[in-house]
Amino acid sequence: MINCVAIITQNGRILIVRRFTHSSDSNIEGHLGAFPQLVKNSGHNYIDTETSRLVYQEVGDLYVIISVSKDTNIIEALDAVTLFVDVTRSVVGEIVEDKIIVNAIDLIFAYDECVFDGFVRNIIVSDVSRFLKMESATEAAYLKELEAKVAQQREAIKAHEASVKGKPIPQSQTFTRQTEFQPSFASQNEFEPSPSTYSTPKTTGMQLGKGMRTSKARAKAVMAEEGLTMQEEAEPVQKPVENTGFQIQFEEKFNATVSRQGIVSEISWDGRLYANSNQKCKRQIALQMPETNKFLLRPMQQADKKLFTNSKCLVYDNITTGFQPGVRGAIFGWKRSSKSADDLPIKVTCWVTQASPSSTFSGEISLKATDKEFSDLTIKIPIENADRANVSSIDGEYEIIVDKSVGKSFLLWKVSELNMDNDHAEIEFSIQVDLEEDRFFPIVVNFNISEIFCPLDVVDVTSLDDEDNGEQIKYTVTKNCTANKFEIE
């Protein structure tokens, strides 16, 4: 059995080692380090140690060595060394130190083709070279067929261009003083392109079907069966926001990677506070935040670093700093990371049931951050054989989309609302193909809410300009949190 193959210099410096068994690194390094001294007292092509036998071949200034078990046939071991030398020469050409180092990865791949489960395969150098090239007869046939199709298309394009050039050119259009249009085309349809030639495929994707079944919709259905009516809630009237010229924006990015078993790899929040004014000004922004805060807070672009520490205030200045009027600037940042599943705002549970010849996907979303309201929540599920998908139950809507950039199709589950009144949603669909569970992952969750998770708010904004120093300024505040990367693996 072969423990490893190595190439070292005459002074014992190791250039490359490929291990094939569970021998310890220290044991291998000890034998190879002592090899230059042992070889001086040996008149054979092998050296016996306490635990193994080193069979070698000197090639120029280097040694190609294999470590084998002591019960290995010496003739087979010598043949194995010769094979490794020939394979090395076929990969790097001249066996010298520089080429060994440059082509180390290729040599490891080549050595892996020579040994299987610790024993040398019945193989020759040409076989190894062919395996490394990874040539495929099926791929070659496909490429040849593809090249023939491309050639046919080129010939068809050339023939079409020749036919177009041979047609008469339409006469120029003429106009009279009364602006009467008098075209002199022989046949207008003759020069119009065929609709099928210039038709553009739609990019919205194929949609198999839709359904809507929120808790409110189910309640309406039950009351309709009982002959009762439900009083519709009045829509709240939103007051138009006054454009005061000074805007404050809280923007937060949410990231999470969770296993399908619910184990959290990482959760993070990263946010910025942006301020913007259409006029040159200097403003002080007072913030409100709790005393105990799990977020790491950091003022940005602040001349007075102690102002925030002492009074929780920030300064926006587009007069003496690099900020420009009409262009927002970041003056505050916050971040937080966690690995606790309790910090997830929503919980996604998915499982796949395999019953040949079909596979059934079941998913459930439940609200954990009860103080937040999610709208336009989408869950992107990889799906194969989309034409065979059958959605049997769903809260919300869905559509099948095709991403041509990656050559995959997805089921996009849309949940219109997730709040305290409607705190969970479910979906179940089946495909008439027996697929492994991994084919339905990773699942990507996207949301966009008009709130942030960091407990920050604006108390007031005052002017620091000379003419109106200390006066309160009207302002508008917007908050937004989006899922930057939320995946269920």
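**Exercise 1.** In which sense do strand 18 and strand 21 pair, and over how many bridges?

*Solution.* The structure is a predicted model.
Step 1. Locate the strands: strand 18 covers residues 374-383 and strand 21 covers residues 408-418.
Step 2. Read the pairing, which is antiparallel over 9 bridges.
Step 3. Pick out one facing position: Ile-379 stands opposite Trp-413 in strand 21.
Step 4. Turn to strand 20 (residues 397-403), which pairs with strand 21 in the antiparallel sense over 7 bridges. Here Ile-401 has Phe-410 of strand 21 as its bridge partner.
Step 5. Inspect the turn. The hairpin of strand 20 and strand 21 has 4 residues between the strands, and Gly-407 in this hairpin takes a positive phi near 65°.

**Exercise 2.** Work out which strands stand at the edges of the open sheet of 4 strands.

*Solution.* Step 1. Write down the strand order, 16-17-22-19, with antiparallel pairing.
Step 2. Look for strands with a single partner strand: these are strand 16 (346-355) and strand 19 (389-394), so each has one side without a neighbour in the sheet.
Step 3. Add the twist, which averages 15° from one strand to the next.
Step 4. Examine one pairing within the sheet. Strand 17 (residues 358-367) and strand 22 run antiparallel and are joined by 8 bridges; Ser-362 has Glu-428 in strand 22 as its bridge partner.

**Exercise 3.** Classify the aromatic pair formed by Phe-429 and Phe-440, and place both residues in the chain.

*Solution.* Step 1. Note the context: a search of the whole structure finds 19 aromatic pairs.
Step 2. Take the geometry of Phe-429 and Phe-440: 6.3 Å centre to centre and 55° between the planes.
Step 3. Apply the cut-offs: centres must lie within 6.5 Å, and planes that are neither under 30 degrees nor over 60 degrees apart count as tilted. The pair is therefore tilted.
Step 4. Place the residues. Phe-429 is in strand 22 (residues 424-431), while Phe-440 is in the loop between strand 22 and strand 23 (443-446), 11 residues apart. Both Phe-429 and Phe-440 are buried.
Step 5. Compile the ring cluster: ring pairs link Phe-254, Trp-269, Phe-295, Phe-374, Phe-447, Phe-453 and Phe-486.

**Exercise 4.** Identify the charged end that sits over the ring of Phe-441, then inspect the peptide bond from Phe-441 to Pro-442.

*Solution.* Step 1. The charged end of Arg-260 sits over the Phe-441 ring, 4.1 Å from its centre.
Step 2. The bond from Phe-441 to Pro-442 is cis, with omega near 0°. Pro-442 belongs to the loop between strand 22 and strand 23.
Step 3. Another charge of this kind is found at Lys-380, whose charged end sits over the ring of Phe-410 at 4.4 Å from the centre.

**Exercise 5.** Are Gln-301 and Asp-376 buried or exposed?

*Solution.* Step 1. Most residues other than glycine have a negative phi.
Step 2. Gln-301 is not a glycine, yet has a positive phi of about 55°. Asp-376, also not a glycine, has a positive phi of about 55°.
Step 3. Gln-301 lies in the loop between strand 13 (296-299) and helix 8 (306-311), whereas Asp-376 is in strand 18.
Step 4. The cut-off for exposed is over 50% relative accessible area. Gln-301 has 59% relative accessibility and so counts as exposed. Asp-376, at 62%, also counts as exposed.

Notes. Residues are numbered from 1 along each chain as its sequence is written. This is a predicted model: local features need pLDDT of at least 70, side-chain atom pairs count only at pLDDT 80 or more; totals for chains, interfaces and linings use all residues. Side-chain values use heavy atoms; hydrogens and water are left out. Rings of Phe, Tyr and Trp (its six-membered ring) pair if their centres lie within 6.5 Å; planes under 30 degrees apart count as stacked, over 60 as edge-to-face and the rest as tilted. Helices (H or I, at least four residues) and strands (E, at least two) are DSSP runs, numbered from the N terminus. Buried means under 20% relative accessible area, exposed over 50%, partly exposed in between (1.4 Å probe, protein chains only). A charge sits over a ring if NZ of Lys or CZ of Arg is within 6 Å of the ring centre and within 35 degrees of the ring normal. Two strands pair if DSSP finds at least two bridges between them. Axes are lines fitted to C-alpha atoms, for helices over the stretch in contact, and angles run from 0 to 180 degrees between N-to-C directions.
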